[in-house]
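Colleague: Could you take me closely through one part of this model, the way two helices cross? After that, I'd love to hear what you would look at next among the charged side chains and the backbone.

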Amino acid sequence: MSAATRRLTTAQALVRFLAAQYTERDGVRHRLITGTWGIFGHGNVAGLGQALVEYADVMPYHQGRSEQAMVHAAVGHARQLNRLRVQAVTTSIGPGATNLVTGAALATVNRLPVLLLPGDYFASHAADPLLQQLEHPVEADVSVNDALRPVSRYFDRVTRPEALVASALKAVRVLTDPAETGAVTLALPQDVQTEAHDWPEEFFADRVWHVRRPAPDPEELAEAVRAVRAAERPLIVAGGGVHHSEAEQALKALVDATGIPVASTQAGKGALRHDHPADLGGIGHTGTAVSDELARTADLVIGVGTRYSDFTTASGTLFQRPDVRFLNLNITAFDAHKLAARTLVCDARTGLTALAEALSGHRVDAVYEAEYRAGKARWNETVRAAFRADDDGAVPTQTQVLGALDTVVGDEDVVINAAGSLPGDLHKLWRARSPRQYHLEYGYSCMGYEIPAALGVQQAAPDTPVWALVGDGTYLMNPTEIVTAVQEDLPVKLVLVQNHGYASIGGLSESVGAERFGTDYRHRAADGSFTGAPLPVDLAANAASLGMDVLRAKTVRELREALVAARAATRPTCVYVETAPPSAALPAEAWWDVPVAEVSAREAAINARTAYERSVADRRHHL
């Protein structure tokens with residue numbers, strides 16, 4: 001007797017399959033694919049578009065405005081839900097597909113899962129070349145979707161209906177694997193999407209994917225314990241893996257027992273509450289003074305769930321003690337072995353728990369503990385000074401904007417940012433009150449992430465106030481998902497900071513001898529420079545035209561009032577504020593390597609090169 005089958009198109013089968021996938025961790029089951037974002041055109045409208053209509057009862061659909069933004073929304077969604085739930089994104093062929101590349105790179109760099117379903121050329125080549133098809137003179141199987149290969153953790157082009165079975169299973173395996181996850185791409189030729197096939201019923205049965213928590217190897221654990229017990233000045237660097245594993249309480253238990261201080265990367269901030277005595281705030285180029293001072297004298301650096309980007313290591317110049325050694329706890333061996341470290345290749349929660357048990361009775365020296373607590377107290381005064389506004393009627397600085405927001409948000413609020421000058425201020429100053437409050441995308445530092453990510457987070461946490469902090473440069477990159485927020489009644493809060501240009505890159509340009517060239521939003525002067533008056537651009541009016549309620553704030557007092565009103569709002573709301581020029585009160589506490597012109601006729605570049613050569617001399621290779 002033959003097995004039962006169901007006759008569906010390839011696209012219909014894929015939607016039914018995705019609706020039946022689940023994750024399970026710690027005995028809790030979640031639906032894996034919570035919905036599908038889509039912009040339709042030729043290449044997906046007749047296939048996946050029709051299938052999503054057919055099965056609207058089992059697969060929610062969200063309409064996007066920008067393909068890149070749809071991926072950002074899905075990434076924000078997955079991060080908020082600890083990578084246990086995922087959204088899919090479908091596009092047409094051609095520009096719709098290539099617009100996915102930036103979002104895919106962001107997802108993969110940050111180890112966050114998203115399923116990409118771009119349309120592709122006719123597998124049969126019946127219509128060849130078709131509209132938007134890339135022709136290659138000697139490789140007929142190449143399409144623009146091949147641009148997604150290097151930024152995807154798994155890629156396949158499904159050229160026959162029956163090939164979907166194996167490919168779909170492999171795709172979901174990668175989406176649910178905590179060590180391998182990232183962007184997953186199934187390129188779907190438009191003719192194959194609409195072809196019918198007799199699918200085995202088993203393909204549509206509920207399938208549960210267990211998300212592993214691998215334990216540390218006993219020998220690695222014993223080595224790690226010996227290293228920690230021998231260290232006089234250990235320092236934990238908490239990365240995003242702490243959050244992905246939901247290991248915050250395990251980290252706190254280890255720190256409470258041992259007194260080892262914790263500094264955090266952009267992705268790891270909030271691993272401890274800001275008011276925990278051992279939380280030293282951010283580390284690296286945008287870190288706090290106390291974190292970076294301890295990093296320079298640490299004899300053991302314990303990395304937990306971090307990939308050690310150049311911002312974290314100050315481009316290899318931060319950890320300066322001659323005998324410093326590294327111990328890396330990471331679920332990915334690739335990251336665990338960085339900096340010639342001793343390794344604990346395991347789940348963050350499982351590894352931290354095992355480490356705490358094995359270190360029973362061990363605690364750092366009281367003098368060391370008193371030292372870092374005093375450093376933390378000094379930095380808290382720096383934060384208070386940066387946030388304080390002595391004149392409520394004055395135009396706020398950017399740090400005072402953060403101070404005003406700090407007084408308004410609750411522990412449960414989520415604050416989202418990605419690029420520009422805000423990440424540096426936030427990493428130094430923000431007082432994270434819960435594991436999910438601080439949501440910085442800094443692995444790819446992608447302008448345009450904040451607004452769509454806020455939508456994805458709001459979908460994941462519908463009763464949570466979600467704030468997108470956006471500068472004028474980022475806003476102009478990608479404001480279109482405001483329309484989607486209005487369409488789906490997502491009450492995201494947008495804080496739009498106007499400083500008339502690329503403030504962060506302008507400062508960097510000045511420091512490397514490029515003299516802020518091309519970083520101001522101003523009229524061109526007679527000599528071609530951008531030194532004229534600010535452009536007559538009204539971004540608040542633009543946000544209002546897209547459907548947001550807009551509150552304009554000109555002073556510190558008006559800003560606080562607007563933020564309170566925005567937090568209480570039940571529909572998408574923008575707080576627009578123009579900031580005063582930034583002060584130089586918060587310089588970088590550690591270096592970052594941006595090469596400077598070796599020869600130049602301009603004095604600014606000559607001076608910058610001299611400073612560069614002094615700094616680069618401090619770089620170390622840890623072996």
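Modeller: The crossing of α1 and α6 is right-handed, meaning that the near helix is turned clockwise from the far one by less than a right angle. Thr-10, Ala-13, Leu-14 and Phe-17 of α1 touch Leu-164, Ala-168, Leu-169 and Val-172 of α6 (heavy atoms within 4.5 Å). By class, the residues of this contact are 7 nonpolar, 1 polar and no charged (Ala, Val, Leu, Ile, Met, Phe, Trp, Tyr, Cys and Pro are nonpolar; Asp, Glu, Lys and Arg charged; the others, Gly among them, polar). Helix α1 covers residues 10-19 and helix α6 covers residues 163-175, and they pack at about 35 degrees with axes 11 Å apart (axes are fitted to C-alpha atoms, for helices over the stretch in contact, and angles run from 0 to 180 degrees between N-to-C directions). Helices are DSSP runs of H or I with at least four residues, strands are runs of E with at least two, and numbering starts at the N terminus.

This is a predicted model, where local features need pLDDT of at least 70 and side-chain atom pairs need 80 or more, while totals for chains, interfaces and linings use all residues. Residues are numbered from 1 along each chain as its sequence is written, and side-chain values use heavy atoms, without hydrogens or water.

Now set a second helix pair beside that one. Helix α11 (residues 289-297) packs against helix α15 (residues 366-387) at about 150 degrees, with an axis separation of 8 Å. On the α11 side, the contact uses Ala-289, Val-290, Glu-293 and Leu-294; α15 brings in Tyr-368, Glu-371, Tyr-372, Gly-375, Lys-376, Arg-378 and Trp-379. This contact has 6 nonpolar residues, 1 polar residue and 4 charged ones, whereas the contact of α1 with α6 has no charged residue.

That leads nicely to charges in general. Side chains of opposite charge can pair when their charged atoms come close. Here the count comes to 36 salt bridges (a side-chain nitrogen of Lys or Arg within 4 Å of a carboxyl oxygen of Asp or Glu). One of them joins Arg-342 to Glu-223, at 3.5 Å from N to O. Arg-342 belongs to strand β17 (residues 342-345) and Glu-223 to helix α8 (residues 218-230), so this bridge links distant parts of the chain, 119 residues apart. Arg-342 is partly exposed because its relative accessible area is 35%, and Glu-223 counts as partly exposed at 35% as well (buried is under 20%, exposed over 50%, partly exposed in between, for a 1.4 Å probe and protein chains only).

For a buried pair, look at Asp-406 and Arg-433, whose side chains meet at 2.8 Å from N to O in a salt bridge. Helix α16 (residues 398-408) holds Asp-406, while Arg-433 sits in the loop between α17 (422-429) and β19 (438-440), and this link again joins distant parts of the chain, 27 residues apart. Asp-406 and Arg-433 are buried.

Helix α24 offers a bridge within one element. Glu-613 and Arg-609 form a salt bridge at 3.0 Å, N to O. They are 4 residues apart in helix α24 (residues 603-616), so about one helical turn separates them. Glu-613 is partly exposed, with a relative accessible area of 43%, but Arg-609 is buried at 16%.

Charged residues also link up in a network of salt bridges made of Asp-26, Arg-213, Asp-347 and Arg-349. Arg-213 appears again among the neighbours of Arg-25, along with Asn-82, Leu-84, Val-211, His-244, Ser-245 and Glu-246, leaving aside residues up to four places away in sequence. Arg-25 itself is in strand β2 (residues 21-25) and counts as buried because its relative accessibility is 6%.

Glu-246, one of those neighbours, is worth a look for its backbone: its phi is positive, about 55 degrees, although it is not a glycine. Glu-246 lies in the loop between α9 (240-244) and α10 (248-258) and is partly exposed, with 29% relative accessible area. Ser-445 also has a positive phi, near 45 degrees, without being a glycine. You'll find Ser-445 in the loop between β19 and α18 (450-460), where it is partly exposed at 29%.

One last backbone stop: the peptide bond from Asp-128 to Pro-129 is cis, with omega near 0 degrees. Pro-129 is located in the loop between β7 (114-120) and β8 (154-157).
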